[in-house]
Amino acid sequence: MGVPGPFPSFAGAPDGPVMGREEVDRALAKLAAEHEAIESSLLALQDHAGRRLLEGAELTGVTKDRWSTTEQAISLLWSYFDAYTEALTRAREVRSRHRWPTQDELAELTELLCGTAITLPSSATLGGSPLLSEELGLDRLVDRMNRWYAEAIGVIVSADAIWSALPARIDMLSAELHRTRSLAHSVGVRPGEHPSGDDLEQITAELTALRAEVVSDPLAFWKPASGSSAPGGGTPDTERYDRAARALEDVRREIEAVLDVRQDAERRLMRLRDVLSRADRTLAEARQARGEVLAKIAASEVPAVSGPPTALHEQLVAAADYRRRSQWHRLSPLLESLEQRADDELLRARESLTAVTAPLAVRAELRGRLDAYKAKVARHGMAADPFLVERYDVARRMLWSAPCDLRAAEQAVLRYQQAAAEALVPRQTGPAGQGIEGGTE
């Protein structure tokens, strides 16, 4: 919005005590131009949107005090302008009497243009004058009007700048706050339940109070530019707004972190359920295998198998409850603890299964070794050897009987292995550089 300029100054006093005709005409021409400029400035001041807003607002604080003084200044400006207009009209009337004014007319014109013949109402409330009225010349009249005009336009422009900037920015931040509150509520960030929920309540209260203060007392948020003499020179004070915006940004980042937890929580819970389920199945398999080992293997110490991890399952239920209640600040640390313990539980279950089934693995290895030696003997045409057949049958009965004595079975396999090796020794000498397959394994 354009700001009208200050009033022009009066041309000044003539060189002599009585102005000549040409000096009078030049002075009147300048006064006419000045009158038009003053009128334009006052009309622009009257139509300024900031002035209309100030007139219709319920003001408080600094703005109320300064606008009260400014309204008086604007009223006096128009009174002074009327006096200025009247003095110019009188001077024009005197000058229009004769083409060549008389000496008395020149003296009267000199008094009108350079003297103190203008009687004005007192400006006691503005300038501290104790008089009911005062007399001024046109030059002092214009100087005073310039000063009051600059002060009035400064108040109006400053208030208008605040109203044009801060409420709109506060409204935009409030809209962002509303969106953030909705998002926060959807992920369980609520007042009294999460620190960020309390922060959102504080930011909401601060923005509400800030907007009310900006609307009623805009000049309290104006920082004049140091060293500037231009009307309305300065910038809005946005410190409180900026602080609220930073606080909201911090909360928004916290909620984004909660959103990440929310999006990741279900995947982590599913993985936990899977890990614990595998651990349960592995332990069940170990318990079943232990019964089989005890039934099939004799004289073997089989370790006991523990039950399912009840405490972990209870904590998993608690984690699911946190997920359902959107208590992410509690869920996140619990998930981290559960994940490590669940992995440890699965590893323990697998180790338990391995320990329990170790005798069966030993029996399977002995069976495999026995059959491998039998196949070797058969490849060399000694499958029907009575001694080897006897040794093989003894070892096989031990390995395929229940319960199986692993120590005795292992000795029987070793005896068959040694007998086979001894039987194959005469056949190991063949063509130079060649030998039969195998030997004692």
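**Salt bridges and a buried helix face**

At a relative accessibility of 35%, Asp171 counts as partly exposed in this predicted model. The class follows from the cut-offs: buried means under 20% and exposed means over 50%, so a residue in between is partly exposed. Asp171 forms a salt bridge with Arg211, with 2.7 Å from N to O. This pair links distant parts of the chain. Arg211 sits in helix H7, residues 195-216, while Asp171 belongs to helix H6; the two are 40 residues apart. Arg211 has a relative accessible area of 31%, so this residue too is partly exposed. The Arg211–Asp171 bridge therefore joins two side chains of which neither counts as buried.

The model has 23 salt bridges in total. Another of them involves helix H8 and helix H10. Asp343 pairs with Arg271, and their closest N and O atoms are 3.0 Å apart. Asp343 is in helix H10 (residues 328-379) and Arg271 is in helix H8, so the bridge ties together parts 72 residues apart in sequence. Partial exposure applies to Asp343, at 30% relative accessibility. Arg271 is also partly exposed, at 34%.

Salt bridges with shared partners also build a network. Glu249, Asp250, Arg252, Arg253 and Glu256 are joined in this way. Within this group, Arg253 and Asp250 form a salt bridge, the closest N and O atoms lying 2.5 Å apart. Here the partners are local. Both residues lie in helix H8, which spans residues 239-296. They are three residues apart, about one turn of the helix. An α-helix has 3.6 residues a turn, so residues three or four places apart point the same way. Arg253 has a relative accessible area of 45% and is partly exposed. Asp250, at 42% relative accessibility, falls in the partly exposed class as well.

Helix H2 offers a view of buried positions. This helix covers residues 49-56, and its buried residues are Gly50, Arg51 and Leu54. Viewed down the axis of H2, these residues fall within an arc of 100 degrees, so they line one face of the helix. Other helices help to cover them. Among the elements over the buried residues of H2 are helix H1 (21-47), helix H3 (61-95) and helix H6 (138-186). Helix H6 thus appears twice in this account: it contributes to the cover over H2, and it carries Asp171, the partner of Arg211 in helix H7.

Methods: Residues numbered from 1 in each chain as written. Predicted model: local features only at pLDDT ≥ 70, side-chain atom pairs only at ≥ 80, totals over all residues. Heavy atoms only, no water. Buried < 20%, exposed > 50% of the residue type's maximum accessible area, 1.4 Å probe, protein only. Helix = DSSP H or I, 4+ residues; strand = E, 2+ residues; numbered from the N terminus. Arc of directions from axis to C-beta. Contact = heavy atoms within 4.5 Å. Salt bridge = Lys/Arg side-chain N within 4 Å of Asp/Glu carboxyl O.
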